[in-house]
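Me: I am new to this structure. Please show it to me, and then let me ask what the terms rest on.

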Amino acid sequence: MLHQFNVPLDRDSEEPLYRQLIRYIKMQIESGQLPAGARLPASRELAEHINISRISVVNAYAELRAEGYLSAHAGRGTFVNRGASQPAGANTPPKQPPKSPMPQMHHIDQSDYTLRDMIRLSKRPGIINFSHGAPPPDFYPMGHLREAINAILERDGVNALGYEQSEGYAPLRASVRDYVSGLGIRCSVDNVLITTGAQQAIDLIVQSLTREGDTIVTANPTYLGILDIARARRVRIHSVPADEEGMRIDLLEQYLMDGNKPRLIYVMPTFHNPTSAVMPLHRRRQLLNLANEYHIPVIEDAVYHELRYEGENVPLLKELDETGIVIHVSAYSKILLPGLRIGYLITDRAYLERLVRIKAAADVSTSGLNQRAMHYLIQRGLLTYQLDHNNRELRKRRDTAIQALVKHFPSGTAWNRPQGGLYLWVTLPKNGPSAAELFMTANKKDVSFAVGSVFYNGSGGTYNLRINYGLEQPRLIDEGFRRIGEAWHELMGDYHHVEGAPML
Ligand SMILES: Cc1ncc(COP(=O)(O)O)c(C=O)c1O
């Protein structure tokens with residue numbers, strides 16, 4: 001049996017070894033080399049044979065079981081499932097999965113499933129969760145929201161519950177204009193479109209400016225939501241590498257000088273997700289110069305901009321924009337609460353009218369009740385109060401997270417020191433387990449984080465973790481980091497710990 005497992009592993013590849021093993025076993029099954037019912041070698045045997053860690057084999061088997069290729073029988077071993085293989089000349093045709101009446105969605109790839117699995121695993125009750133991109137639920141202004149909704153129903157009656165104008169509830173548009181003018185953006189109510197979260201704002205812009213097969217530019221790594229939008233709208237992404245100051249504008253310039261014609265550029269200049277990088281002023285100016293020279297609209301995604309708890313504010317791109325080339329996108333999701341789904345974009349009036357038509361087709365309007373609630377909360381000064389409180393608390397959580405990292409993570413770990421936002425971007429030593437391997441083991445210890453590779457278009461991030469330290473109370477931050485550190489050390493070589501551990 002073992003002679004069949006001459007797995008061609010590329011140990012210098014960005015692709016984790018356990019993923020390479022998964023690919024190999026799938027190929028063996030799909031080609032019929034490993035027929036239905038065949039028994040796989042024990043994980044320890046295979047690990048020794050191909051010279052990788054046993055936990056990598058355990059994780060590969062676990063994932064293949066989850067996908068239906070293998071099944072485990074207690075005491076007997078791991079076997080290829082019936083219907084997973086299609087051996088040449090087999091008498092009984094392999095069982096086909098039931099045919100769906102829906103057309104295949106070719107643009108959804110395997111990485112989506114891995115990410116979805118991770119999100120599902122992170123939602124178990126009791127887990128210490130650093131993985132989501134949400135602000136801390138213990139900051140949500142529950143009492144104020146209850147009061148706002150009651151007061152609005154009392155005040156507006158059924159009017160609060162009808163269809164709203166697609167552009168947005170007029171008083172909220174005015175509040176947004178006043179709010180962004182406090183951030184340095186001069187505009188009128190006609191420049192404000194209320195959207196269902198920042199995500200919808202970005203999607204509407206991509207829909208309006210691109211056709212299938214067009215290219216848009218993002219940094220690499222980047223916000224997952226833009227990758228989702230590009231896949232759904234069948235738009236290509238050209239990824240420009242990012243460093244600790246955000247997108248490398250010199251590389252963007254090279255790309256444009258080579259004659260490429262992207263339809264738009266998407267950036268998060270302040271507290272980039274996932275790295276928390278802030279683009280300095282000189283780079284913002286270079287970006288604007290290039291965008292104007294080549295006539296390429298820029299989406300400025302500013303959802304984390306106000307979550308600054310240290311350092312000097314850097315002006316928004318929209319504040320620096322003199323020609324209208326920047327479309328400013330933001331939301332109250334990260335600074336107040338994500339569930340009301342109130343976002344907005346600021347752009348010139350003629351373009352906004354095109355976007356309104358697309359928005360009307362998408363969802364008619366953002367919930368009128370939620371818009372009124374947000375307006376009510378802003379009018380009562382809640383944003384100012386909340387931001388002050390949140391930023392003070394987030395700073396404490398960041399400090400706790402960095403102390404815990406120093407205490408519990410292996411030497412050779414590198415990280416940023418965010419001046420705001422929600423995320424630590426951690427780089428593990430490259431001589432140890434990948435972030436994906438660590439995720440699986442850490443998850444068994446009831447702690448989760450986001451694996452860096454999901455934020456990359458193409459390969460990258462194998463040894464990176466995105467940790468949303470804001471999500472947990474300081475006491476749990478230390479405990480969560482302790483468990484991640486322990487998982488790393490276990491994977492690193494002390495297999496006496498994992499020998500007795502239950503299979504995944
Ligand atoms: C950079 C970035 N943009 C947009 C969004 C989506 O925001 P919203 O919840 O307002 O749609 C997120 C949420 O994670 C984000 O991180």
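Me: What makes the eight strands E5-E12-E11-E10-E9-E6-E7-E8 an open sheet, and which strands stand at the edges?

Reply: The eight strands run in the order E5-E12-E11-E10-E9-E6-E7-E8, with mixed pairing. Strand E5 (192–196) and strand E8 (246–247) stand at the edges, and each has a single partner strand, so one side of each is left without a neighbour in the sheet. Strands here are DSSP runs of E with at least two residues, helices are runs of H or I with at least four, and both are numbered from the N terminus. This is a predicted model: local features need pLDDT of at least 70, side-chain atom pairs count only at pLDDT 80 or more, and totals for chains, interfaces and linings use all residues. Residues are numbered from 1 along each chain as its sequence is written.

Me: How do you know that strand E6 and strand E9 pair?

Reply: Two strands pair if DSSP finds at least two bridges between them. Strand E6 (residues 215–220) and strand E9 (residues 264–267) have two bridges, in the parallel sense. Isoleucine 216 has leucine 264 in E9 as its bridge partner.

Me: Which strands form the sheet of three, and in what order?

Reply: The order is E1-E3-E2, an open sheet with antiparallel pairing. Strand E1 (39–40) and strand E2 (70–73) are at the edges with a single partner strand each, so one side of each lacks a neighbour in the sheet. E2 and strand E3 (residues 77–80) are joined by four bridges. There, leucine 70 is opposite valine 80 in E3.

Me: Why is strand E17 called largely enclosed?

Reply: A residue is buried if 20 or more other C-beta atoms lie within 10 Å of its own, exposed if 12 or fewer, and partly exposed in between, with C-beta atoms placed from the backbone. Five of the five residues of strand E17 (residues 464–468) are buried, so the rest of the structure largely encloses it. Asn464, Arg466 and Asn468 point one way, while Leu465 and Ile467 point the other way.

Me: Which strands pair with E17?

Reply: Strand E14 (residues 423–427) pairs with E17 over five bridges, antiparallel. Tyrosine 423 stands opposite asparagine 468. Strand E16 (residues 450–451) also pairs antiparallel with E17, over two bridges. Valine 451 faces leucine 465.

Me: What makes a nonpolar core, and which residues touch the most other members of the largest one?

Reply: A nonpolar core is a set of buried Ala, Val, Leu, Ile, Met, Phe, Trp, Tyr and Cys residues joined through C-beta atoms within 7 Å. The largest has 130 residues; Ile202, Val298, Tyr344, Phe439 and Ile467 touch the most other members. Leaving out residues up to four places away in sequence, valine 298 touches eight residues, including Leu264, Ile265 and Val326.

Me: Which residues come nearest to the ligand?

Reply: The ligand has 14 residues around it, and Gly133, Gly197, Gln199, Ala331 and Ser333 come nearest. A residue is near if its C-beta atom, placed from the backbone, lies within 6 Å. Helix H7 (residues 197–209) gives the most to this shell, with three residues.

Me: How do you know that the radius of gyration agrees with a compact globule?

Reply: The radius is taken over C-alpha atoms, and the globule rule is 2.2 Å times the number of residues to the power 0.38. With 504 residues, a compact globule would be near 23 Å; the protein has 25 Å, which agrees. Buried residues make up 44% of the 504.

Methods:
Two residues are in contact if their C-beta atoms, placed from the backbone, lie within 7 Å.
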